[in-house]
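This briefing goes through one protein chain, topic by topic. Please keep the sequence and the 3D view open while reading.

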Amino acid sequence: MTNPATTKIAEHSTFAAGDADSTATSTPAASDQGSTTIADVVVQKIAGLATREVPGVYELGGGASRAFGAVKGRIPGASASAGQGVSVEVGQKQAAVDLQMVVEYGSSIPELTKDVRNNVIDTVEQMTGLEVVEVNINVNDVHIPADDNDGDDQGISDRLQ
């Protein structure tokens, strides 16, 4: 059984993911039978996974977060965060999402961002019951497959002795 005083505090709390209070929550549904509380990090992960589902999205995050994710990915048992490159603001009934992403070369950025926006809105609303009021997308890079080294450093070793 929940303490009504605790539930009341949670209902009036609004935090952005990444704030000092990592237990930030929202309460999209309350009834005589109890209340439902969803942590901001849950909305953040849902939005990140929904973004990655769209073909043409190469990666999420800015330069620093992608570099940290690459280092973390080399540690056995560690993986990049599902919420990397995603920040959210969650209220009692609404949420706003900000995305930082890298797109595949050749993708139509206007079409891609439209598809990402629609998928994020549909998925977050379906899974949480929150109304997504906006999805802001910052495309900060284009992935060019030729830029991948694939461990091939032949050109460098041919020049250096």
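E134 sits in strand β7, and the model that shows it is a predicted one. With a relative accessible area of 40%, E134 is partly exposed, because that label covers values between 20% and 50%. The points below start from this residue, follow the strand pairings, and then turn to the helices, the loop after β7 and the chain as a whole.

**E134 and its surroundings**
- E134 touches A95, A96 and V97, when residues up to four places away in sequence are not counted.
- One of these contacts, A95, is 39 residues from E134 along the chain, yet the two C-alpha atoms are separated by 7.6 Å.
- β6 covers residues 94–104, and β6 and β7 are joined by 11 bridges and run parallel.

**Strand pairing around β6**
- What stands opposite M101 in β7? The residue opposite M101 there is V139.
- M101 of β6 also stands opposite L60.
- Strand β4, residues 57–60, pairs with β6 in the antiparallel sense, over three bridges.
- β5 pairs with β6 in the antiparallel sense as well, over five bridges.
- The connection from β5 to β6 is a hairpin of three residues.
- V97, one of the residues touched by E134, is the bridge partner of V88 in the β5 and β6 pairing.

**The two faces of β5**
- Strand β5 runs over residues 86–90, with V86, V88 and V90 on a covered face.
- S87 and E89 make up the uncovered face of β5.
- Side chains in a regular strand alternate between the two faces of the sheet.

**Helices α2 and α4**
- Helix α2 spans residues 40–52, 13 residues in total.
- From its first C-alpha to its last, α2 reaches 19 Å, close to the 18 Å expected at 1.5 Å a residue.
- The buried residues in α2 are D40, V43, Q44, I46, A47, G48, A50 and T51.
- Residues three or four places apart in an α-helix point the same way, because there are 3.6 residues a turn.
- R117 belongs to helix α4, residues 109–128.
- Is R117 buried or partly exposed? R117 counts as partly exposed, because its relative accessibility is 30%, and buried would require under 20%.
- Outside its neighbours within four places in sequence, R117 is in contact with V135 and I137.
- R117 and A50 are 67 residues apart along the chain, and their C-alpha atoms are separated by 9.2 Å.
- A50 is among the buried residues of α2.

**The loop between β7 and α5**
- The loop between β7 (131–143) and α5 (154–159) holds I144, and D148 lies in this loop too.
- I144 has a relative accessible area of 37% and is therefore partly exposed.
- D148 is at 33% relative accessibility, so it counts as partly exposed.
- Which residues does D148 touch, not counting those up to four places away in sequence? D148 touches Y58 and H143.

**Surface patch**
- I144 forms a nonpolar patch on the surface together with Y105, I109 and V142.
- The accessible area of the four residues together is about 360 Å².
- I144 can belong to such a patch because its relative accessible area is 37%, and patch members need over 30%.

**The chain as a whole**
- Five helices and seven strands are found in the chain.
- Along the sequence, the pattern reads α-β-β-β-α-β-α-β-β-α-β-α.
- The chain has 161 residues, 32% of which are buried.
- Of the contacts between residues at least 6 apart in sequence, 68% join residues at least 24 apart.
- The accessible surface comes to about 10100 Å² for the chain, with 51% belonging to carbon and sulfur atoms.

Note on methods: Residues are numbered from 1 along each chain as its sequence is written. This is a predicted model: local features need pLDDT of at least 70, side-chain atom pairs count only at pLDDT 80 or more; totals for chains, interfaces and linings use all residues. Side-chain values use heavy atoms; hydrogens and water are left out. Patches are made of residues with over 30% relative accessible area and no salt bridge: like charges are joined within 9 Å, nonpolar side chains (Val, Leu, Ile, Met, Phe, Trp, Tyr) within 5 Å. Accessible areas come from the Shrake-Rupley method with a 1.4 Å probe; for residues, only the protein chains shown count as cover. A salt bridge is a side-chain nitrogen of Lys or Arg within 4 Å of a carboxyl oxygen of Asp or Glu. Helices (H or I, at least four residues) and strands (E, at least two) are DSSP runs, numbered from the N terminus. Buried means under 20% relative accessible area, exposed over 50%, partly exposed in between (1.4 Å probe, protein chains only). Two strands pair if DSSP finds at least two bridges between them. The expected span of a helix is 1.5 Å times one less than its number of residues. Contact means heavy atoms within 4.5 Å.
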